[in-house]
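This report considers the pairing of charged side chains in a single protein chain. The sequence and structure are shown first, and the findings follow under short headings.

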Amino acid sequence: MQTAGTLVSSVLPLTEVLVVADCWQTEPEAEAVIHRAINAAAEIADADVGDTELAVMLTDDAGIRTLNSNWRGIDKPTNVLSFPALQPAAGAPSDAPRMLGDIAIAYETTRKEADDEEKPFDHHLSHLAVHGFLHLIGYDHDKDDAAEAMEGLEREILAQLGIPDPYADRERMD
């Protein structure tokens, strides 16, 4: 970004949305929803994401099933996958863009979950984009305390977007 001949650093990541499955054509606002969600997450999360890049691939269940099988050994579709990028080694050129990683979101699974939970599709899509972004910046939900921290941040980000708590109706198992 340039302003009056000077470079201005952005605090938001550059997000590229790639639509690779025709089923997403039924959701013309999907790209805008994802940009809003990622920008809100970047503004609220405590992470250095300025001048970084990430890609969000909007795919179908078949595409995400292949990714899930190849990368996680789980041969079934899922709603969202995140692939954090390796960070550059010390001494790498400082003018090279920093990659956060990639997020893949499957249409059919996302649609089914939104319908089953009686949530607006764009709310669920926002949640999945935020969830995927948080994984890229180091959050996880493999342990209870980590899951609580990640879910709390998701709630805060989604509330900023005017989206109700996605976990409100869930019964937590102790």
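## A pair within helix 3

In this predicted model, a salt bridge joins the side chains of aspartate 115 and arginine 111, with an N to O distance of 3.2 Å. Both residues belong to helix 3, where four residues, or about one turn of the helix, separate them.

Aspartate 115 is partly exposed, at a relative accessible area of 43%. Arginine 111 is likewise classed as partly exposed, and its relative accessible area is 24%.

## A link to a distant loop

Arginine 111 also forms a salt bridge with glutamate 27, the N to O distance being 2.5 Å. This contact connects distant parts of the chain: arginine 111 is in helix 3 (residues 107-116), whereas glutamate 27 is in the loop between strand 3 (14-19) and helix 1 (30-44), and the two are 84 residues apart.

Is glutamate 27 buried or exposed? Glutamate 27 has a relative accessible area of 18%, and it therefore counts as buried, since the cut-off for that class is under 20%. Arginine 111, with its value of 24%, is partly exposed.

Which residues make up the network of salt bridges? The network links Glu27, Arg111 and Asp115. Arginine 111 takes part in the bridge to glutamate 27 and in the bridge to aspartate 115.

## A second pair in helix 3

Lysine 112 and aspartate 116 form a salt bridge through their side chains, at 2.6 Å from N to O. About one helical turn lies between lysine 112 and aspartate 116, because they are four residues apart in helix 3. Lysine 112 and aspartate 116 are both exposed.

## Overall count

How many salt bridges are there? The count comes to seven. Among them are the bridge between arginine 111 and glutamate 27, the bridge between aspartate 115 and arginine 111, and the bridge between lysine 112 and aspartate 116. As a general matter, side chains of opposite charge can pair when their charged atoms come close.

## Aspartate 48

A further acidic residue, aspartate 48, is located in the loop between helix 1 and strand 4 (52-59). Its relative accessible area is 59%, so aspartate 48 is classed as exposed, the cut-off being over 50%.

Aspartate 48 and proline 13 are 35 residues apart along the chain, and 9.5 Å separates their C-alpha atoms.

Note on methods:
Residues are numbered from 1 along each chain as its sequence is written. This is a predicted model: local features need pLDDT of at least 70, side-chain atom pairs count only at pLDDT 80 or more; totals for chains, interfaces and linings use all residues. Side-chain values use heavy atoms; hydrogens and water are left out. A salt bridge is a side-chain nitrogen of Lys or Arg within 4 Å of a carboxyl oxygen of Asp or Glu. Buried means under 20% relative accessible area, exposed over 50%, partly exposed in between (1.4 Å probe, protein chains only).
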